[in-house]
Amino acid sequence: MNWLKTHKNDMILIAALLILGGGLALLLLFTRQDGGLVRVQIDSETVMELPLDQDTRIALGEDGHVNTLVIWDGTAQVVEADCPDQVCVRQGAVRYAGESIVCLPHKLVITIEGGQTGGVDGATK
């Protein structure tokens with residue numbers, strides 16, 4: 001009981017941080033947007049943009065490096081790569097705006113952009 005009295009402020013701080021962290025996690029969970037576009041960059045240059053709602057399988061790469069990107073069921077995933085560490089393959093599928101898959105050895109970045117593909121973003125009166 002004596003330990004609880006001496007560490008009361010520590011317990012209050014831990015509880016406050018847990019509540020704040022949980023609230024932030026819930027906010028991010030409920031405000032995330034489904035993506036509409038997959039942007040593929042190789043060596044910092046955009047090489048293609050693909051709609052996330054059309055199933056596609058494409059081989060990406062330069063200088064003998066190959067990564068296979070699969071867009072299926074509203075998600076994008078690198079399913080095969082010839083890089084040694086396979087981090088891009090283990091990343092799994094991405095679908096929400098702002099998520100990305102990166103293959104550093106091949107200088108490949110796949111990013112999900114938000115919103116719908118094409119159409120009007122907004123309207124004013």
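Strands, in this tour, are DSSP runs of E at least two residues long, and helices are runs of H or I with at least four residues, both numbered from the N terminus. The model on screen is predicted.

**Stop 1: the whole chain**

Show the protein chain as a cartoon. It has 3 helices and 7 strands. Trace the chain along the sequence and the pattern reads α-α-β-β-β-β-β-α-β-β. Now colour by accessibility. Of the 125 residues, 25% count as buried.

**Stop 2: the loop at D43**

Select D43. This residue sits in the loop that links β1 (35-42) to β2 (45-51). Check its backbone: phi is near 55°, a positive value in a residue other than glycine. D43 has a relative accessible area of 43%, so it counts as partly exposed; that class runs between the buried limit of 20% and the exposed limit of 50%.

**Stop 3: the loop at Q86**

Go on to Q86, in the loop between β5 and α3 (87-90). Its phi is near 60°, again positive in a residue other than glycine. Is Q86 buried, partly exposed or exposed? Its relative accessibility is 25%, so Q86 is partly exposed.

**Stop 4: G74 and G35**

Select G74, in the loop between β4 (67-72) and β5 (75-81). With a relative accessible area of 22%, G74 is partly exposed. Add G35 to the selection and draw a C-alpha to C-alpha distance. The viewer should give 8.2 Å, for a pair 39 residues apart in sequence.

**Stop 5: a surface patch**

Switch to a surface view and select M11, I14 and L18. Together they form a nonpolar patch with about 300 Å² of accessible area. M11 belongs to helix α2 (residues 8-31). Why can M11 be part of a patch? Patch residues need over 30% relative accessible area. M11 is partly exposed at 39%, so it passes that cut-off.

**Stop 6: the cavity**

Finish inside. Rolling a probe the size of a water molecule over the atoms shows where empty space is left. How many cavities of 30 Å³ or more does the structure hold? There is 1. The largest cavity has a volume of about 30 Å³. To find it, select the lining: I42, L60, G61, E62, N67, H106 and L108. Colour these residues by class. The lining has 3 nonpolar, 3 polar and 1 charged residues. Gly counts as polar here, so G61 takes the polar colour.

Technical notes:
Residues are numbered from 1 along each chain as its sequence is written. This is a predicted model: local features need pLDDT of at least 70, side-chain atom pairs count only at pLDDT 80 or more; totals for chains, interfaces and linings use all residues. Side-chain values use heavy atoms; hydrogens and water are left out. On a 1 Å grid over the protein atoms alone, a cavity is a set of points where a 1.4 Å probe fits but cannot get out, and a pocket is an open set with protein on both sides within 12 Å along at least five of seven lines; lining residues have an atom within 4 Å of a point. Grid points are joined across faces, edges and corners, and a volume is the space filled by probe spheres set on the points. Patches are made of residues with over 30% relative accessible area and no salt bridge: like charges are joined within 9 Å, nonpolar side chains (Val, Leu, Ile, Met, Phe, Trp, Tyr) within 5 Å. Accessible areas come from the Shrake-Rupley method with a 1.4 Å probe; for residues, only the protein chains shown count as cover. A salt bridge is a side-chain nitrogen of Lys or Arg within 4 Å of a carboxyl oxygen of Asp or Glu. Buried means under 20% relative accessible area, exposed over 50%, partly exposed in between (1.4 Å probe, protein chains only).
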